[in-house]
Amino acid sequence: MIEERKEILDKYQLVVGLEVHAQQLTKSKAYAGDKNEYGSLPNSNTSPLTLGHPGTLPRFNRKVVDYAIRIGLATGCELTREMNFARKNYFYADLPKGYQITQDTTPICTGGEVYVKDENGQDKRIGITRIHIEEDAGKSIHDQDPYNTLVDLNRAGVPLLEIVSEPDIRSLEEAYNYLAEIRRLVRYLDICDGNMEEGSLRCDANVSVMLKGATEFGNRCEVKNMNSLRNVQRAIEHEMKRQIHILENGGKIDQETRSFDAITGTTFTLRSKEDAHDYRYFPEPDLQPLVLHDQDIETVKKAMPPLPRELYNKYTEKLGLSEYDANVLIDSKPIALYFEELTAHTKNYKAAANWVMGEIKSYLNQTATSIEKFPIKPTEMAGLIAIIDEDLISNSIATQQVFPKMLENPGRSAKEIAESENLLQQSDDTWLKGIAEEALAAFPDKVQAYKNGNKGLLGLFMGEIMKKSDRKANPKMASEILRKLLEE
Amino acid sequence: MNVDDKLIDRLSNLSKLEFGTEEKERIKSDLVKMLDFVAALQEVDTDGVEPLIYVNPEVNVYRADEVTESLDQKEALKNAPDHDSFYFKVPKVVSGGE
């Protein structure tokens, strides 16, 4: 495809709405008691209901409602108090029942919002139209057998949350950040593992363009089959350029469903508007309606984990951390929870953040360990920070000697280690003065040079003190004493 | 509703069935009878009446989130017209579906 010039692309405004499907982390399926598990042998997690056998009746999984309430609360949605389920009818091999049980007119959540950063780093509100409960279909494999499509029904009936955004997204960055935020949110809420490669989090994008300043949206295309955050961004970018190219050449956009090809980075038609499904929704007679009481919502509310945005605001506003630090810390929930506990035991938040983002993260990366298995408890880390703050050890002794020994000896406090390894910094005035005098005596000519104005030589004297003291001299005190001696 | 070939074609497409000309004619006359029957019901004034979706007044019929049943692979596949040891086999579908 011909790349449009920047000034042509700049004439148009991108408009995107995203539909996210999140597989719920339940043990069993939405409407039957067969196992919900990724990676099992094909067709080993099924039941007569999942296979669409006659005479079966669905029974609704309680957990699925609680998970839906969680995300509803986290996105500030209105929770629907009386709901029923609907059948969405279509004929396809991965859906043996011939219909998907979903929510049509009474989605459990409506009218919420999520805040994401726009391309200028400003907060941008993205509206959530609705979130509803439904079930996944099985998996069709088209490329393993030349004559048949192979079907695996393990995934059929896995509970899904479909999260539909308003068409509020105006740039590729916002689309990426919105999806990243939704993924982070479902992970924080423990309702979905957010693994896009395995398909437990999937995204369809409704993409249109209009001239800047226009008030009416252009015709939109729905793009499917993007299996990573990056690919969602690539697919939207390609689709935007494709539509602009058509409009610039006097064409018009046909409303259709398109698929993204990750290898070529392009989209192609899956079905046109004429082929659009006629789903013939009607109320599901086999599932009784649901009624949510205040108490159901309260119970879920009480068990809610901290949310990434709350933590971000706390870290930047109350703990005085930079936006960058706050973002790194909240990115993964287990890291954030570790940091939370650490800051409950130290007031030196900046040092706590630096340890978590620096030494701790690099240890986790190098050893491929998760923070849950990190050998040093937050209280012990706080102890390490405390003895640095008390000038008992220097930063470099802490990172190079005490921290590694703490990793090897879980449960031993930083102070015990520093004491037994003889690493405590010497802050004894007389002792330090003695060493400083020795150090200066070793370089009489340099002392003269210093006194003549070469102040850069202070580093040399400090090095000598460190050498003579086995690196145990308190550097702050030593440099003060040095200065004093040299001024004499 | 106008019961013509177009409607029958659309319905057969939705249900993935194929009919011959003669069958189509029979379906058409059956369908007209069914629609007439429903039309008779539509004469009743239902203004202001909530639709009755469920005959049974029960709500919140839940099941705990536990694995209570699972068919093994062999059991799951045994009634399928075509399968191998792992998968159901169906005619090749090139595109479409969800």
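# Legends to close-up views of a predicted two-chain model

**Figure 1. Helix α15 of chain A and its packing partners.** In this predicted model, helix α15 of chain A spans residues 458–468, and its buried residues are A:L458, A:F461, A:M462, A:E464, A:I465 and A:M466. These buried residues of α15(A) pack against three other helices of chain A, namely α13 (429–441), α14 (444–451) and α16 (475–487). After α15(A) comes A:D470, a residue with a positive phi near 60°. The domain assignment places residues 429–487 of chain A in domain 2, while domain 1 covers residues 2–296. The centres of domain 1 and domain 2 of chain A, taken over C-alpha atoms, are separated by 67 Å.

**Figure 2. Surroundings of A:F374 in the loop between α9 and α10.** The view is centred on A:F374, located in the loop that joins α9 (349–367) to α10 (378–389) of chain A. A:F374 is classed as buried because its relative accessibility is 7%, under the 20% limit for that class. Beyond its neighbours within four places in sequence, A:F374 is in contact with A:Y338, A:I360, A:Y363, A:L364, A:T369, A:F403 and A:L407. One of these contacts, A:I360, lies 14 residues away from A:F374 along the chain, with 8.4 Å between the two C-alpha atoms.

**Figure 3. Two non-glycine residues with positive phi, A:A368 and A:D391.** Most residues other than glycine have a negative phi. A:A368, which is not a glycine, has a positive phi of about 50°. A:A368 belongs to the loop between α9 and α10 of chain A. With a relative accessible area of 72%, A:A368 is exposed, because that class begins over 50%. A:D391 is likewise not a glycine and has a positive phi, here of about 65°. The loop that holds A:D391 runs between α10 and α11 (395–408) of chain A. The relative accessibility of A:D391 is 24%, so this residue counts as partly exposed.

**Figure 4. A:L337 in helix α8 of chain A.** Helix α8 of chain A comprises residues 333–343 and includes A:L337. A relative accessibility of 37% means that A:L337 counts as partly exposed, a class that lies between the 20% and 50% limits. A:P306 is 31 residues from A:L337 in sequence, and the C-alpha atoms of A:L337 and A:P306 are 8.7 Å apart in space.

**Figure 5. A:E222 in strand β13 of chain A.** The residue shown, A:E222, is part of strand β13, which covers residues 221–226 of chain A. A:E222 is buried, since its relative accessible area is 18% and the limit for buried residues is under 20%. Apart from residues up to four places away in sequence, A:E222 touches A:E19, A:D204, A:A205, A:N206, A:E256, A:T257 and A:R258.

**Figure 6. Chain A as the setting of the preceding views.** Chain A contains 16 helices and 17 strands. The C-alpha atoms of chain A occupy a box of roughly 95 × 55 × 50 Å along the principal axes. The radius of gyration of chain A is 31 Å, whereas a compact globule of 488 residues would have a value near 23 Å. Of the 488 residues in chain A, 53% are buried. Among contacts in chain A between residues at least 6 apart in sequence, 69% link residues at least 24 apart. The exposed area of chain A is about 22600 Å², of which carbon and sulfur atoms supply 48%. Chain A carries 62 positive and 76 negative charges, and the mean positions of these two sets are 2 Å apart.

**Figure 7. Chain B of the predicted model.** Chain B has 3 helices and 2 strands, arranged from the N terminus in the order α-α-β-α-β. Its C-alpha atoms fill a box of roughly 55 × 45 × 25 Å, taken along the principal axes. Chain B has a radius of gyration of 22 Å, against a value near 13 Å for a compact globule of 98 residues. Buried residues account for 20% of the 98 residues in chain B. For contacts in chain B with a separation of 6 or more, 22% involve residues 24 or more positions apart. Chain B exposes about 7800 Å², and carbon and sulfur atoms contribute 55% of that area. The 12 positive and 22 negative side chains of chain B form two sets whose centres lie 9 Å apart.

Methods
Residues numbered from 1 in each chain as written. Chains lettered and ligands numbered in written order. Predicted model: local features only at pLDDT ≥ 70, side-chain atom pairs only at ≥ 80, totals over all residues. Heavy atoms only, no water. Helix = DSSP H or I, 4+ residues; strand = E, 2+ residues; numbered from the N terminus. Rg over C-alpha atoms; globule rule 2.2 N^0.38 Å. Buried < 20%, exposed > 50% of the residue type's maximum accessible area, 1.4 Å probe, protein only. Contact = heavy atoms within 4.5 Å. Areas by Shrake-Rupley, 256 points an atom, 1.4 Å probe, with all protein chains shown as cover. Lys, Arg positive; Asp, Glu negative; His and termini not counted. Charge placed at Lys NZ, Arg CZ, Asp CG, Glu CD. Domains from an automatic or database assignment.
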